[in-house]
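Open your viewer and get ready to click along. This short tour tells you what to select at each stop and what you will find there.

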There are 2 protein chains.
Amino acid sequence: MTEPRWLDEREQRAWRSLMKMQDGLSEFLERHLRNRCGLSGADYQVLAHLSEAPEGRLRSFELGRLLHWEKSRLSQHLGRMQNRGLVSRERCLADQRGAVVAITPRGSDLIKIAAPQHVADVRDVLIDHLTATEMAMLVTIGDKVAERLAALEHEH
Amino acid sequence: MTEPRWLDEREQRAWRSLMKMQDGLSEFLERHLRNRCGLSGADYQVLAHLSEAPEGRLRSFELGRLLHWEKSRLSQHLGRMQNRGLVSRERCLADQRGAVVAITPRGSDLIKIAAPQHVADVRDVLIDHLTATEMAMLVTIGDKVAERLAALEHEH
DNA sequence: ACCGTCTGGTTGACATGGGAACCAAGTGCC
DNA sequence: GGCACTTGGTTCCCATGTCAACCAGACGGT
C-alpha cells in the first residue's frame, strides 16, 4: 500500500470544523427540545412527520422510509411513544399485516408548542448568521456528498 | 407569542441539506470503520487521541475533555475497550484519585491500520470533492456556530 | 387450493449513552 | 490537625439503537 494521503492543514480544518459543528448543533438542539418539551430529537422527528401527513396518520413502513430508520428501531420507539400517549397504532384495514400510526391530540399539542421553539433555535445558532452565499454553499456541498454516497451505494 | 418565523424555501433547503449530510456521513464512516476494523466511531476517537499523545498515555479527565464526553460514558467505554485489549488503565502516581489511560500495542496496531483507511473515506465522500472556497466556507460557518454556542453558554 | 417466498412488524439479547448517587483523594481555610 | 468543599472516577438505572430471529399476512406460480 502506498503512503496514505493525509489531510493537509486546510483540509484538516474544514473537516474538524464540520465535525465540531455537527456535535455542537445536535447537542444544543437536543438539549433544548428535551428541557422545554420533554422530547428527544427522535420523538420530534416522528411527530413532525406525522403532523404533516394527511389526517396525521402514516403507514409504519412509510414513516420508516421517511426517517431512514431500521424497522426494529421504529417499532420500539413507537411503542415507547405510544406508552407516553403521543401516538396510537391500529391495524391497517387494507393490509392486515400492516400498522397505521396516528398522532394523538396530546402529541399534536406538543409538536405545536415544540416546533416554533425548535425553529427559533435553529435560526439562533445557525440560519440567522449565514449569508445567502453560505446557505447556497451548504446545499452544494450536501448535494455533492449525497451524490457520492449514492454512487458508492450503487456500485455495491 | 408572536407568529413564529418559519424557515423560507432557501433556509429550509440549507438546513435539511446539512442534516442529511450529517446523517449520511456518519452512517457511512461508522459502517466502514466497523466492517474493516471492528471499531466504532467512539473507539476510533479514543485511539486517535491516545496515539497522538506523548507515550500514548493520557489522564482520563484529559481524554474526557478532548472528547467532550460525560465522565460516566468515558469510564464505561474505557472499561469495554480495556476488556478488548485496546487500552490499559493504571492509577496515576501524582494524583492517587486519577487514572492514566494508555494505548496497548494491539490498540496501536489497529489505529495504524484504521487511520489511513478512515482518512481515505473522508476524502472519498467529502474533502476531495470540495473546492478551496467551499472548505474555507465550512470553516467560516463552523466558527460562527461555535461562537454563537459559546455566547449562549456564557449568558447562562 | 397449495406451497415457497416476500413483506411488514414485533421481540429478545446486547452495545451504547446520559444522569444521579456514590466513593475516595486532594485542597483550602480555620 | 480538622473539616467543609471540590475533583476524578466508578457504579447503577434507565432510555435508546442494532442485529438476528421470529411471526403472520400477502403474493405468485402451479
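We will visit a DNA strand first and then a pair of helices. Keep in mind that this is a predicted model.

**Stop 1: DNA strand D.** Select DNA strand D and show what lies around it: 20 residues surround the strand. The closest are Ser72(A), Arg73(A), Phe61(B), Lys71(B) and Gln76(B). Of the strand's atoms that come within 4 Å of the protein, sugar and phosphate make up 55%. Now colour the surrounding surface by class, and you get nine charged, nine polar and two nonpolar residues.

**Stop 2: the helices beside the strand.** Which helix gives the largest share of this surface? Select helix 4 of chain A, which supplies five residues. Then add helix 3 (60–67) and helix 4 (71–83) of chain B; each of these supplies at least two residues.

**Stop 3: phosphate oxygens.** Zoom in on Arg73(A), where a polar side-chain atom lies 2.7 Å from a phosphate oxygen of DNA strand D. For Glu70(A), a side-chain N or O atom is 3.3 Å from a phosphate oxygen of the strand. With His77(A), the corresponding distance is 3.4 Å.

**Stop 4: a helix pair across chains.** Select helix 1 (residues 9–37) of chain A and helix 6 (residues 132–154) of chain B. Their axes come within 8 Å and cross at roughly 35°, and the crossing is left-handed. Show side chains here: among the residues that meet are Leu18(A), Met21(A) and Phe28(A) from helix 1, and Leu138(B), Val145(B) and Leu149(B) from helix 6. The residues of this contact divide into 14 nonpolar, seven charged and three polar.

Technical notes
Residues numbered from 1 in each chain as written. Chains lettered and ligands numbered in written order. Predicted model: local features only at pLDDT ≥ 70, side-chain atom pairs only at ≥ 80, totals over all residues. Heavy atoms only, no water. Near = heavy atom within 4 Å. Polar contact = N/O pair within 3.5 Å; in protein donor to acceptor, adjacent residues only side chain to side chain. Helix = DSSP H or I, 4+ residues; strand = E, 2+ residues; numbered from the N terminus. Nonpolar A, V, L, I, M, F, W, Y, C, P; charged D, E, K, R; others polar. Axes fitted to C-alpha atoms, helices over the stretch in contact; angles between N-to-C directions. Left-handed = near helix turned anticlockwise from the far one by under 90°. Contact = heavy atoms within 4.5 Å.
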